[in-house]
Amino acid sequence: MKRLIMLLVTLAMVAFVPSALAASGTLYGGATMSGNQVKLVSDLSDTSTANDFSGINFTNTSVTTFSMLTQLATKFNVTDDGCGGGSPRFQINFGIQNAFVYLAPSPTFTGCAPNTLVDSGNLIGNNDPCRWDTSQLQAGTQCNTYAGALALLGSRTVTGIQLVVDSGWFFADKEQTVLVCDIRINSSTDFPCQGTQPGQGKGRAKVTLCHHGHTITVARPAVAAHLRHGDKLGPCSHRHKHKAKSHRGR
Ligand SMILES: [Ca+2]
Ligand SMILES: [Ca+2]
């Protein structure tokens with residue numbers, strides 16, 4: 001009997017291990033990759049409406065109810081702009097309504113240091129007055145804390161999470177750019193600031209070289225070694241090919 005209970009306990013523990021599937025993020029609006037970071041823009045200064053707002057939509061978060069969301073954090077850099085007008089922020093979906101949590105420092109949520117990568121810290125448990133905005137939800141308020149949001153929404157099902165930038169209107173140049181990375185949702189980290197840069201990792205970006213009269217492509221990290229032994233950047237010209245041939249002929 002004791003062994004059966006132990007087995008059941010073990011099975012229960014296995015069942016509660018967070019899913020190995022990491023949260024994945026999909027860029028939308030004017031969002032693009034900039035090295036390892038995601039560049040979120042809100043540009044109302046041009047004719048394109050596609051970049052008026054941007055964000056990352058996170059799926060496979062393994063978050064069920066709001067009370068199961070234990071970590072929500074990102075590093076962010078407002079480049080030459082600031083925070084203000086409500087973004088950058090995380091947006092937590094409960095069906096068609098959202099709770100918002102602002103990244104900017106308390107108490108005004110506007111004064112972000114330009115050109116500085118700062119960490120929001122874990123916004124779950126953050127009880128700064130007005131850090132959380134639950135006004136879209138019944139009995140919610142624009143000026144809430146995590147404790148208030150938890151009391152209101154703890155048992156509600158989270159249907160989605162986004163990181164959003166849409167405050168271009170707030171700035172004189174009608175444009176806001178925010179770089180983000182190291183986005184943590186529960187136990188997973190999306191878009192790590194450090195590590196393999198998209199397009200620069202081993203075997204990713206290829207560079208074309210002329211190697212002994214043959215045009216070859218090599219991974220970017222290997223380029224320096226090739227140049228040291230006399231390869232030339234770019235495809236071989238007729239002259240290169242001819243030179244290599246005459247070398248071989250000697
Ligand atoms: Ca625009
Ligand atoms: Ca700007």
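Which loop holds Asn115? Keep that one in mind; it gets worked through in Exercise 1. One thing to know before starting: the model is predicted.

**Exercise 1. Place the two asparagines with positive phi, and say whether each is buried, partly exposed or exposed.**

Solution.
- Step 1: Start with Asn115. The loop between strand 7 and strand 8 is where Asn115 sits.
- Step 2: Check its backbone. Asn115 has phi near 55°, which is positive although the residue isn't glycine.
- Step 3: Count neighbours. Asn115 has 10 other C-beta atoms within 10 Å, so Asn115 is exposed, the cut-off being 12 or fewer.
- Step 4: Now Asn186. That residue belongs to the loop between strand 11 and strand 12 (188-190), and its phi is near 50°, again positive in a non-glycine residue.
- Step 5: Asn186 has 17 other C-beta atoms within 10 Å, so Asn186 comes out as partly exposed.

**Exercise 2. Find where the cis peptide bonds from Ser87 and Ser106 lead.**

Solution.
- Step 1: Going from Ser87 to Pro88, the peptide bond is cis, with omega near 10°. Pro88 is placed in the loop between strand 5 and strand 6.
- Step 2: The bond from Ser106 to Pro107 is cis too, with omega near 5°. Look for Pro107 in the loop between strand 7 and strand 8.

**Exercise 3. Work out which elements build the largest nonpolar core.**

Solution.
- Step 1: Get the size. The largest nonpolar core holds 40 residues, and Val38, Leu40, Phe90, Ala99, Val101, Val178 and Val180 are the ones with the most contacts inside it.
- Step 2: List the suppliers. At least two core residues come from each of strand 3 (37-43), strand 4 (54-59), strand 5 (72-77), strand 6 (89-94), strand 7 (97-102), helix 2 (146-153), strand 10 (160-165) and strand 11 (175-185).
- Step 3: Pick the top contributor. Strand 11 gives the largest share, six residues.
- Step 4: Zoom in on Val38. Leaving out residues up to four places away in sequence, Val38 touches Leu27, Ala31, Met33, Ile56, Val180, Cys181 and Phe191.
- Step 5: Follow one of those contacts, Met33. Met33 is part of strand 2 (residues 32-34), and with 13 C-beta neighbours inside 10 Å it counts as partly exposed.
- Step 6: Compare sequence and space. Met33 and Phe191 are 158 residues apart along the chain, yet their C-alpha atoms are separated by 9.6 Å.
- Step 7: Set this beside the whole protein. Of the contacts between residues at least 6 apart in sequence, 65% join residues at least 24 apart.

**Exercise 4. Trace the strand pairings through Phe76.**

Solution.
- Step 1: Strand 5 and strand 11 run antiparallel and are joined by five bridges. Here Phe76 stands opposite Val180, a residue with one of the highest contact counts inside the core.
- Step 2: Strand 5 also pairs with strand 8 (residues 118-119), antiparallel, over two bridges. In strand 8 the bridge partner of Phe76 is Val118.

**Exercise 5. Order the strands of the six-stranded open sheet and find its edges.**

Solution.
- Step 1: The order is 1-4-10-6-7-9, and the pairing is antiparallel.
- Step 2: Strand 1 (24-29) and strand 9 (132-133) are the edges; each has a single partner strand, so one side of each has no neighbour in the sheet.
- Step 3: Check a pairing inside the order. Strand 4 and strand 10 pair antiparallel over five bridges, with Asn57 opposite Gln162 of strand 10.

**Exercise 6. Decide which side of helix 2 is buried and what covers it.**

Solution.
- Step 1: Helix 2 has Ala149, Leu152 and Leu153 as its buried residues.
- Step 2: Look around the axis. These residues cover an arc of only 75°, so they lie on the same side of helix 2.
- Step 3: Turn to the face pointing away from that side. The exposed residues Ala147 and Ala151 are found there.
- Step 4: Identify the cover. Strand 6, strand 7 and strand 9 are among the elements covering the buried residues of helix 2.

**Exercise 7. Sum up the whole protein.**

Solution.
- Step 1: The protein has four helices and 15 strands.
- Step 2: Of its 250 residues, 28% are buried.

Notes
Residues numbered from 1 in each chain as written. Chains lettered and ligands numbered in written order. Predicted model: local features only at pLDDT ≥ 70, side-chain atom pairs only at ≥ 80, totals over all residues. Core = buried A, V, L, I, M, F, W, Y, C linked by C-beta atoms within 7 Å. Buried ≥ 20, exposed ≤ 12 C-beta atoms within 10 Å, placed from the backbone. Contact = placed C-beta atoms within 7 Å. Pairing = 2+ DSSP bridges. Arc of directions from axis to C-beta.
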